[in-house]
Amino acid sequence: MVKVCKVDPKNGSADFQTYIFAVCGFGGICGSITAIFLTEALKPYTTFFFYSFLNLFLIGFVCYLNEGYIEKTNVKDNLWKIVIHFKQPVVYRTVLFLFTARAVVPSYGDILYYFIINEIGFSKSFIAALTLVAYFGLFFGSSFYNRYFKHIDYPWMMFYGQILMQFTIVLNLLFVMRITKEYFHINDFVFCLFTDVGAEILF
């Protein structure tokens with residue numbers, strides 16, 4: 001991936017990132033369409049049975065990867081290079097941010113999934129359809145980023161992204177407490193539709 005990005009030093013990284021998210025969006029669209037039928041027609045263990053064999057396709061694709069010539073190095077030299085680069089502020093600050101983002105911010109996607117099914121009453125096929133719409137948002141959001149936002153510095157992009165994500169977290173809290181429906185009279189379907197699509201674009 002790094003070699004591909006270096007082909008175009010100016011826009012290679014942004015273009016390649018857009019390509020990755022577009023492919024992820026397309027894959028998510030295909031997976032969501034499949035999930036609509038699998039979650040309703042098959043039992044969970046049958047779905048996991050088929051899912052366990054998907055890794056075989058990845059193994060097949062890996063066999064066709066061609067990285068070209070790689071300079072041979074030993075483990076000691078590689079570790080020393082990592083230590084040297086890690087001392088640079090741009091590296092250790094990024095690592096610290098990523099670690100803090102995962103360690104401090106809770107991930108409650110699975111909990112929210114069962115809350116929507118058991119408490120709100122949405123079906124599993126509806127959740128899959130909702131995910132389908134969210135991946136459409138990811139697909140078009142990546143193109144939107146490449147067209148209008150790729151020239152903005154990444155720190156500012158992360159800054160605004162985190163502020164918007166905080167806003168979606170507050171909205172989810174209001175949704176779980178049923179404030180969005182009881183006080184603001186927002187339909188659950190409409191709320192889930194727009195918040196899922198917005199969160200997928202931001203991520």
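T180 is a buried residue, since its relative accessible area is 2% and the cut-off for that class is under 20%. The structure discussed here is a predicted model. Within it, T180 belongs to helix α10, which covers residues 179–182. Leaving aside residues up to four places away in sequence, the contacts of T180 are L171, L174, F175, H185, I186 and F191.

One of these partners, F175, also leads to the next site, because F175 is likewise touched by D188, a residue that counts as buried at 9% relative accessibility. D188 is located in helix α11, which comprises residues 188–202. Besides F175, the contacts of D188 include I120, F122, R178 and K181, again with residues up to four places away in sequence not counted.

The description now turns from buried positions to the surface. A nonpolar patch of about 830 Å² is formed there by F144, Y148, F149, I152, W156, F159, Y160 and I163. Two elements, α8 (124–148) and α9 (154–176), each supply two or more residues to this nonpolar patch. Of the contributors, α9 provides the most, namely four residues.

Among the patch members is I152, which is situated in the loop between α8 and α9. Is I152 buried or partly exposed? I152 is classed as partly exposed because its relative accessibility is 34%, and that class lies between the limits of 20% and 50%.

Technical notes: Residues numbered from 1 in each chain as written. Predicted model: local features only at pLDDT ≥ 70, side-chain atom pairs only at ≥ 80, totals over all residues. Heavy atoms only, no water. Buried < 20%, exposed > 50% of the residue type's maximum accessible area, 1.4 Å probe, protein only. Contact = heavy atoms within 4.5 Å. Patch = residues over 30% accessible without salt bridge, like charges linked within 9 Å, V, L, I, M, F, W, Y side chains within 5 Å. Areas by Shrake-Rupley, 256 points an atom, 1.4 Å probe, with all protein chains shown as cover. Salt bridge = Lys/Arg side-chain N within 4 Å of Asp/Glu carboxyl O.
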